[in-house]
Amino acid sequence: MKIFSSSSSSSSSFLFVLLCFFTLLAFSTASNVSYDHRSLIIDGQRKLLISAAIHYPRSVPAMWPGLVQTAKEGGVDVIESYVFWNGHELSPGQYYFGGRYDLVKFVKTIHQAGMYMILRIGPFVAAEWNYGGVPAWLHYVPGTVFRTDNEPFKHYMQKFMTVIVDLMKREKLFAAQGGPIILAQVENEYGYYEQFYGEGGKRYAQWSAQMALAQNTGVPWIMCQQWDAPDPVVSICFQQQQLSQLVLQTDPKFGLRTGLDVLIVRLIAKYHGGTNFGRTAGGPFITTSYDYDAPVDEYGLPRLPKWSHLKELHKAIKLCENALLHGEKTNHSLGPSQEVDVYTDASGPCAAFISNTDDKNDKIVEFRNVSYSIPAWSVSILPDCKNVVFNTAKVKPQASVVKMVTENLRQPKWEIFVENAGTWGEADLIKNSLDDHINITKDTSDYLWITTSIVVSEDEEFLKKGTKPLLLIESKGHALHVFVNKGLLGSASGNGTVFPFKFKSEIPLKAGKNEIALLSMTVGLPTAGPYYEFVGAGLTSVKIKLSNQTLDLSKSSWSYKIGVQGEILGIYKAEGMKSVKWTSTSDPPKMQPLTWYKATVDPPGGNEPIGLDMLYMGKGMAWLNGEEIGRYWPRKSSKHDKCVVECNYRGKFMPDKCFTGCGEPTQRWYHVPRSWFKPSENVLVVFEEKGGDPARITFARRTVSS
């Protein structure tokens, strides 16, 4: 573990093409990185570099060398990653750089592979990461407003930026020091949101750029989607580049484009997505998988044929290097939806990119007196302006099959601990109101118990008639379990599109005192948006409808307790397990809410990546040997979504273009890194909120076969 204290005062991941000339100097030699209207320039020379995203905390250190090498073998020259502020600054001035957050080790892994790096410090990152990477504690610093001309926010942002830059300098990781970092980024995708903050937004954008430049990294600074970035900061990402800008980006949201840009647009948005371990997923309503159908899957395996198709694309682009770097571009129409971008240089090199944006029909076009057949919605690459070496629509058959092979837990020794519903120990807060969930927990836990009680007279009419009142609950999100007199009455939740929800159920009240215990839950905090830190969650109304009246309990006396007992006591870690009394059993109970299951297991055989199959569990969290596997919730997607048997990728990208798995669990397997396993006596801990069948929990090996 690496922790130090200091008192000194990034959404979507992308794959993009950098035009520059790479000298074959050793990486330990200091390099001068600059740029002009055409490309990056390293030590006075240019080359085309291809960069791909790998987010270090979405894998584990044992995976980093393999991931980087797989990217390199796929034709990638540069690895880029965000820096995840809330994973590093756990509280003001307290920094963590161990485990998955060992940023120095990650950068050095890239360096050792002979590759470059783009360090996207942000420190706002978006990236479907909890709170967009900003620490939740910062929201509760008085007077703070995120991402605008706000003194508290700027103070902590600059402080963290300086910590990261100074750390990289100490380790000599910037290119000017002989390291791999050739570009650094400040802020992320702010251009669209700037308008919501008015003049404060404009001032903040300019301040961010100037603050970054003052860090003196010796490499150029970039801003993503920042149209008013001041020189010499370069604005990049998903927009038409100005003459003075160096990077040609791509993103599938914008559909087919001509020339070099289209080649990546048609193929990829993430290179390796990875896993949202623990509670790092934002959204809300994302569990652990961040696979994104990327060329390298969540488990670190190449996804074929996508990975190999992209590798061939990279080779084809490299063949065009001289023409792209030194030639002049001309564009010629070859038909109503067909055109060619030609790069020619006086010294001889010529490269052509013929595109067909007709998304239904293949076309035959004539270029330089030669006929070429161009499939619908594709680009053909001609590195000599004569011979086609690659077409984006012609994908070679898949050479291998990846599948999850079930392996039962080997003679698990089960123990259980059952929590009581409602406030445990002393209440953290007692109020005559329903307060915002996040403002109470400050995201220290997903869970918040909210408990009250009512006394029912024996003379109540509904008791005499044998009828049941209705319990009516409204919530801003995200999920809820309802317990009445210690029994689970039911559950409700919002979804990734609509966070608020309502709960309605008959309530079995008895004569005398009745306890209503509500377990309110968040499932990741918002990751972006104007003033997104003020988006709340939790209960807004609780009522009981009787035959002749409605009782509004919203202003009753409510006891609040942050977290569930086992979580707060840390019983998923070796040092905390003895703080409760576990009960041994050979037959762990099924469909029992608020139950902790502990099993001692051996690792699965072989060396393949491992997933934890939680299909038959309800909702909760899991750990192995104290490491956070994360949230599990195998809830089913809507069967009414428009799913496809086979995807037609032609045409502009739409988020719902190629849905699959309608009516099936949104996630079944949860990645458990091999490096977390010991040779034997591994401790798997599961907290089940509403009930499942732990005997059907299994491991699965992710195997590759021909």
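Reader: Which residue does Thr 451 stand opposite in E29?

Author: In this predicted model, Thr 451 stands opposite Ala 517 of E29.

Reader: What makes E24 and E29 a pair?

Author: Pairing takes at least two bridges found by DSSP. E24 (residues 447–456) and E29 are joined by 10, and the two run antiparallel, so they count as paired.

Reader: And how do you know that E26 pairs with E29?

Author: Run the test again: at least two bridges are needed, and E26 (residues 479–484) has 6 to E29, also antiparallel, so this counts as a pair too. Ala 517 turns up here as well, as the bridge partner of Phe 483.

Reader: Why is E29 called largely enclosed?

Author: Buried means under 20% relative accessible area. In E29 (residues 512–521), 7 of the 10 residues are buried, so the strand is largely enclosed by the rest of the structure.

Reader: Is Gln 398 buried, exposed or partly exposed, and why?

Author: Its relative accessible area is 45%. Buried would be under 20% and exposed over 50%, so Gln 398 gets the label partly exposed. You'll find Gln 398 in the loop between E20 (390–391) and E21 (401–408). Leaving aside neighbours within four places in sequence, Gln 398 is in contact with Leu 304 and Pro 305.

Reader: On to the helices. Why is H5 called roughly parallel to H6, and not oblique?

Author: The axes of H5 (residues 151–170) and H6 (residues 198–213) cross at roughly 25° and come within 11 Å. Angles under 35 degrees count as roughly parallel, so that's the label for H5 and H6. The crossing is right-handed.

Reader: Which residues make that contact?

Author: From H5, Phe 153, Lys 154, Met 157, Gln 158 and Met 161; from H6, Tyr 204, Trp 207, Ser 208 and Met 211. By class, the contact has 6 nonpolar, 2 polar and 1 charged residues.

Reader: What makes Lys 154 of H5 the charged kind?

Author: Asp, Glu, Lys and Arg count as charged, so a Lys falls in that class.

Reader: Back to strands: how do you know that E30 pairs with E25 and with E31?

Author: E25 (residues 470–475) has 6 bridges to E30 (residues 539–545), and E30 has 3 to E31 (residues 550–552). The cut-off is at least two, so both count as pairs. E30 runs antiparallel to E25 and antiparallel to E31. Lys 545 of E30 is the bridge partner of Leu 470 and stands opposite Thr 550 in E31.

Reader: How many residues does the hairpin from E30 to E31 go through?

Author: The hairpin joins them through 4 residues.

Note on methods:
Residues are numbered from 1 along each chain as its sequence is written. This is a predicted model: local features need pLDDT of at least 70, side-chain atom pairs count only at pLDDT 80 or more; totals for chains, interfaces and linings use all residues. Side-chain values use heavy atoms; hydrogens and water are left out. Buried means under 20% relative accessible area, exposed over 50%, partly exposed in between (1.4 Å probe, protein chains only). Axes are lines fitted to C-alpha atoms, for helices over the stretch in contact, and angles run from 0 to 180 degrees between N-to-C directions. Angles under 35 degrees count as roughly parallel, over 145 as roughly antiparallel, 65 to 115 as roughly perpendicular and the rest as oblique. A crossing is left-handed if the near helix is turned anticlockwise from the far one by less than a right angle, and right-handed if clockwise. Contact means heavy atoms within 4.5 Å.
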